[in-house]
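Reader: I am new to reading protein models. Could you take me through this one, term by term?

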Amino acid sequence: MVEKYMILSIILFSIGIVGLISRRNIIVIYMSVELLLNAVNLSLIAISADLGDSAAQVISLIVIAIAASEAALFMSLFVVLFRSKGSLDANVFDMLGDKND
Amino acid sequence: MQNDIIFTILALLTIVSSIVMISAHRPIDSALSFIVTLVSIAALFGLVNATFLFAVQIIIYAGAILTLILFIIMFLNIKEENLPDEKYKNWWLLGTSVIVLPFAIILIKLVTMSDISVNNIPSENFGSIHDVGLKLFSQWVLPFELVSIHLLVALIGSVTLSKRGN
Amino acid sequence: MTNSSLLNILLLSPLVSGTLIFLINFFTKKTKQYIYTFLALTGSGISAIIALYISYNSYFNHKVFESNLFTWIDIADFTIEVGLKADALSSFMILFVAPVSFLIHIYATGYMDKDKSYGRFFIYFNYFIFFMFLLVLADNPVMMYVGWEGVGLISYVLVAFYFKDIENTYAGNKAFIVNRIGDFGFLGALMLIFINIGSGGLSFEAIFLNLNSIDSATLTLIAFLLFVGAMGKSAQIPLYIWLPDAMAGPTPVSALIHAATMVTGGIYMVSRFAPLYNIAVDISLFISYIGAFSALLAAVIATRQYDIKKILAYSTMSQLGFMFMALGVGAYSTALFHMFTHAFFKGLLFMGAGAIIVAFHHKQDIRKLRGIRKAVPSIFIMMLIGTLTITAIPPLSAFISKDAIMSSLFASGHYDIFAIALISSLLTVFYMFRMLFVLFYSNKSKKAEHPSAKSMIYPMAVLTVLSVFAGFLNLPEIFGGEANITTWLALPNKTLFVSHTNEIILMSINTLLILAVIVYTYKRYAYTDTIMKESETSIVANKFYVDEIYNKIVVKPLYSLSFFFSNTISKRLIDDLILGSAFNFKKLGRVFAALQNGNVRFYSLYMLLGVVVGFVYLFFLLKDVL
């Protein structure tokens with residue numbers, strides 16, 4: 001049983017990575033990140049079921065809490081970014097790079 | 001036997017909805033299919049008797065986080081011109097999945113090849129709120145406190161970030 | 001004064017005076033000319049006095065002076081000592097080198113009077129005699145090589161003295177480069193000697209002791225290579241082309257270096273290696289033939305030259321040919337004695353030419369200098385005596401020395417060489433008297449524009465006297481003398497015997513022929529205008545186009561080869577490759593710089609790629625374990 005869960009978790013993780021890299025819409029990028037977290041949670045729960053120990057569920061709970069705080073920050077970031085550039089395109093925010101000739 | 005069927009249905013649901021999520025053009029469509037993903041993951045949690053987390057997932061993830069996302073999406077009043085013009089979205093998706101494929105396959109191979117299932121017999125109240133709460137407040141109290149500070153920081157941070165700068 | 005310190009002073013005094021002149025010249029702007037004169041003359045004068053003393057001692061008391069200065073290199077088998085030795089041969093050399101150098105120094109103070117580079121000239125002149133002494137007094141061939149190279153270097157510097165005119169610099173280059181080719185031969189011979197017998201020490205005594213342990217093929221090679229060095233230094237075929245061009249230097253340079261001292265370095269070297277050449281008889285014969293042909297070629301070319309100094313230059317080459325002919329048949333002392341007398345009369349002739357040049361504002365073409373007898377009578381007398389000497393009229397000195405050479409050649413049995421020698425000496429008479437008659441016995445007359453300085457006339461007078469009387473130092477038995485110098489030198493001469501009657505017959509025939517040629521030349525050139533009608537463009541007048549041939553065969557291919565290396569290989573292959581790779585590296589860098597475009601998605605893509613690659617690699621590593 002636990003193997004199936006692990007396989008599912010790996011698949012979801014890969015889907016999350018694909019979405020993270022391929023999309024230009026920052027909201028979709030954020031949701032892919034959340035998907036990654038969820039995949040990890042899934043695998044944690046599976047292991048917890050296998051071991052019969054609830055410790056993994058506690059970890060999972062904490063991960064969810066952190067995801068919540070991350071969501072709050074992301075949202076305020078969206079508001080700020082949208083206000084400054086008026087677009088939701090990830091390619092527009094390139095101030096990290098250097099001025100290329 | 002039943003478990004397997006339910007698991008298969010739920011797994012398929014999760015995968016399909018997550019694929020829809022990453023490939024939808026409008027963010028609202030992605031958000032809505034994400035809700036489906038989250039609920040099915042919660043169901044998967046429930047399938048292994050992790051009842052507390054099943055509830056927590058639905059309440060916090062689907063209920064709070066996704067609601068926040070939907071709220072922001074609607075608040076920002078996104079029009080068509082604000083969305084990025086992703087001409088090659090499908091090619092990108094295909095290409096990236098090709099790159100990720102070996103990664104996934106290797107991991108799956110690792111998992112299936114190795115002998116990881118221990119198959120302990122869980123106790124009576126495995127996964128119940130009583131059990132998890134006991135663990136949380138005895139062994140894991142330090143992370144619990146830290147998480148609360150973390151939430152506080154996130155709160156202050158988000159308020160600061162979104163102030164109109166002066 | 002001990003023996004060795006005398007030798008050291010002899011060697012070092014011109015070095016010291018030269019360096020002093022250099023320092024004064026370098027550090028001060030306007031120095032009085034007499035300071036330089038004093039230093040230069042002191043330097044060479046001290047050497048001259050000591051040289052006379054040493055030769056006197058060597059001749060009368062058979063003393064050998066030695067001095068070991070220091071050990072230069074000492075590595076296992078290879079030890080070079082900086083040592084000087086004045087045995088009979090070296091004492092004989094410095095007997096005439098030192099005083100003649102001193103006399104020419106005096107002459108040069110008059111010739112270079114009021115010249116802008118007066119000081120510079122005497123630095124080089126003094127350094128030259130230092131190197132010449134080193135060449136002659138060295139007790140091992142390596143030190144001799146040092147002196148050999150040194151005189152070559154100074155010769156280059158002095159020929160190109162008036163370097164503002166580029167032709168002079170080319171002449172200097174030619175002198176040095178052709179000399180260098182000869183030096184290569186010398187060095188090769190030194191290396192062969194070292195390889196074969198170097199472990200026994202490298203001084204001359206040690207070499208001659210061990211000479212028999214070298215096999216004959218190598219010995220022949222060594223002898224040949226040494227002679228290549230002599231070819232370059234003493235201007236024999238095929239390395240003679242530098243000597244006529246070297247007349248571009250000031251006349252004291254020609255007098256000292258290219259008449260009396262440097263060019264005789266080759267003769268000295270062959271005499272020094274006499275034991276070697278007695279064994280390698282093939283090379284000795286080769287030397288004779290080269291000498292013969294050089295003498296003949298030079299004499300023929302000289303018959304159609306119009307520049308005073310060039311005529312004298314070719315005559316030097318011809319006389320050197322005579323000396324090599326004698327050396328080749330084994331008559332070493334005879335050759336050396338001719339060298340001795342040659343220094344005097346050739347130095348005299350060059351000095352006279354220089355005096356004429358100065359007196360007539362640097363005109364050198366004899367066709368423009370006709371009829372100067374009334375203008376410079378003293379020079380006329382001395383040039384007349386010099387010319388008579390070189391043509392070997394009895395009883396002047398060259399008669400004795402040249403006749404000794406002819407007798408040796410006749411006695412050696414090589415009648416072809418003897419015939420060539422005879423023809424060359426008759427040609428010598430012809431072209432020397434041609435010069436004399438055109439200059440001094442002509443219908444035209446010219447006025448002198450500059451009176452000759454006393455400092456130029458007096459040394460010439462001394463040399464005139466010596467040219468007349470020096471022959472008596474080695475009078476052969478036929479005249480009642482005892483061949484003093486030959487006995488003194490005690491070189492391993494081959495015994496060449498000519499009966500007295502044969503010798504007298506030879507001498508008489510020779511003298512008659514010479515007188516006949518003089519009469520013929522008189523009829524042709526004295527008080528006539530024949531010289532003006534002689535063409536300038538004939539093959540002979542153009543030196544048989546040898547320079548042009550060398551240019552085509554040797555110089556141009558070498559030049560294009562080096563051009564090929566410098567342009568094609570060095571520039572295109574190596575430079576472009578390196579610069580090109582640097583440029584492409586920069587371009588590659590720019591490609592990589594595009595990766596940093598600030599787009600976070602790209603960054604995550606790269607991270608993913610890296611992780612995937614790592615995973616695949618890890619998988620293949622662990623495939624068999626799992």
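Reader: How do you know that the length of helix 18 (residues 415–440) of chain C agrees with its number of residues?

Author: Helices here are DSSP runs of H or I with at least four residues, strands are runs of E with at least two, and both are numbered from the N terminus. The expected span is 1.5 Å times one less than the number of residues. For the 26 residues of helix 18 of chain C that gives 38 Å, and the end C-alpha atoms are 37 Å apart, so the two agree.

Before we go on, a word on the source: this is a predicted model, in which local features need pLDDT of at least 70 and side-chain atom pairs count only at pLDDT 80 or more, while totals for chains, interfaces and linings use all residues. Residues are numbered from 1 along each chain as its sequence is written, and chains are lettered from A and ligands numbered from 1 in the order in which they are written.

Reader: Why is Asp50(A) called buried?

Author: A residue is buried if 20 or more other C-beta atoms, placed from the backbone, lie within 10 Å of its own, exposed if 12 or fewer, and partly exposed in between. Asp50(A) has 21 such neighbours, so it counts as buried. Asp50(A) sits in helix 2 (residues 26–51) of chain A. Its C-alpha atom is 6.5 Å from that of Val2(A), although 48 residues separate the two along the chain.

Reader: What makes helix 18 of chain C largely enclosed?

Author: Of its 26 residues, 20 are buried, so the rest of the structure largely encloses helix 18 of chain C. Helix 11 (residues 265–272) of chain C is mostly covered, with 8 of its 8 residues buried. Among them are Gly265(C), Tyr268(C) and Arg272(C).

Reader: What is the pattern of chain A along the sequence?

Author: The pattern is α-α-α, and the count is 3 helices and 0 strands. Of the 101 residues of chain A, 52% are buried.

Reader: How many residues of chain B and chain A take part in their contact?

Author: Two residues are in contact if their C-beta atoms, placed from the backbone, lie within 7 Å. By that rule, 74 residues of chain B and 60 residues of chain A take part. Helix 4 of chain B gives the largest share of chain B's side, 12 residues. By class, this side has 51 nonpolar, 19 polar and 4 charged residues. Nonpolar means Ala, Val, Leu, Ile, Met, Phe, Trp, Tyr, Cys and Pro; charged means Asp, Glu, Lys and Arg; the others, Gly among them, are polar.
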